[in-house]
Amino acid sequence: MDDDEEEWMAQMGRPRTFDRQAAVEQAMFLFWQQGYESTSLSQLKAGLGGGISAPSFYAAFGSKEALFREAAQCYLDTYARVTECLWDDGLAPRQAIELALRQSARMQSEPGHPPGCMVALGCMSAPTPEHAAVAAPLTASRARTRAGFARCVERGLASGELAAGTDGAALAAAFDGFLSGVSIQARDGIGYAVFDGAITQLMRLWDASRLTA
């Protein structure tokens, strides 16, 4: 525990005077932008607004780690939903993949929040062994998206839409790897128009693997 955390813990017990859900959302934006290890308690206290006191912070969240877990879950319940279409069997597999790519790329490059994806960037959010477990929900979300791409490709193979000789693992990895790369490019200021065109090109990998008569 950091020294400033110990000092704040000693002052616990005063009533909260802030909007807790709004505080979680503001913390989410800070962690999204900076990651877990690079976001200090002082930055969190200042960023949550409303003049939150140290005792109120600890009474509400318990610790920086607990707040990060809440913030990560807030992201998973909202912004991260853009790829859930990968699991929608009501969509054709190609349609599900393209929709997930476009929705995610649009979200990652839109104004109003930090650029990129908190889940994708989460691999560097808590990179040291000491804090690696903190980012476990983000790691699990990346694995779910990866599995979603693989599942869509498997559906394409099972239905006969994709040729039997298609390397399904490689095709799924191409889609997943592209989506991870969007986060870095969005941080570098690349706009959605570029991603939109790139996705059109990327989907030609699927079309090139279609079963031909």
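Let's start with alanine 60. Buried or exposed? Alanine 60 has a relative accessible area of 11%. The cut-off for buried is under 20%, so alanine 60 counts as buried. Keep in mind that this is a predicted model.

Where does alanine 60 sit? In helix α4. Now look across to alanine 23. The two residues are 37 apart along the chain. Their C-alpha atoms are separated by 9.8 Å.

Alanine 23 takes us to helix α2. Alanine 23 is one of the buried residues there. The others are Val24, Ala27, Met28, Leu30, Phe31 and Trp32. The helix covers residues 20–34, which is 15 residues. From first C-alpha to last, α2 reaches 21 Å, close to the 21 Å expected at 1.5 Å a residue. Just after α2 comes glycine 35, with a positive phi of about 85°.

What do the buried residues of α2 pack against? Helices α3, α4, α5, α6, α7 and α9. In residue numbers, α4 is 54–61, α6 is 93–109 and α9 is 168–187.

Next, the cores. The largest nonpolar core has 34 residues. Phe31, Tyr75 and Met118 have the most contacts inside this core. At least two of its residues come from each of α2, α3, α4, α5 and α7. Another core lies apart from it, with 25 residues. Among them are Ala100, Phe195, Met203 and Trp206.

Back to phenylalanine 31. Which residues does it touch, leaving out those up to four places away in sequence? The list is Tyr36, Thr39, Leu44, Lys64, Leu67, Phe68, Ala71 and Met118.

Now helix α8, residues 136–159. This helix has 24 residues. Its span, first C-alpha to last, is 34 Å, close to the 34 Å expected at 1.5 Å a residue. The buried set includes Leu138, Phe149, Cys152 and Val153. Ser141, Arg142 and Thr145 are buried as well. So are Gly148 and Gly156. The buried residues of α8 pack against α5, α6, α7, α9 and α11, the last being 204–208. Just after α8, glycine 160 takes a positive phi of about 85°.

Last topic: cysteines. How many disulfides does the structure hold? The count is 0. Cysteine 74 is buried, at 11% relative accessible area. Cysteine 123 comes out at 46%. Exposed would need over 50%, so cysteine 123 is classed as partly exposed.

Technical notes
Residues numbered from 1 in each chain as written. Predicted model: local features only at pLDDT ≥ 70, side-chain atom pairs only at ≥ 80, totals over all residues. Heavy atoms only, no water. Helix = DSSP H or I, 4+ residues; strand = E, 2+ residues; numbered from the N terminus. Expected span 1.5 Å × (residues − 1). Buried < 20%, exposed > 50% of the residue type's maximum accessible area, 1.4 Å probe, protein only. Contact = heavy atoms within 4.5 Å. Core = buried A, V, L, I, M, F, W, Y, C linked by side-chain atoms within 4.5 Å. Disulfide = S-S within 2.5 Å.
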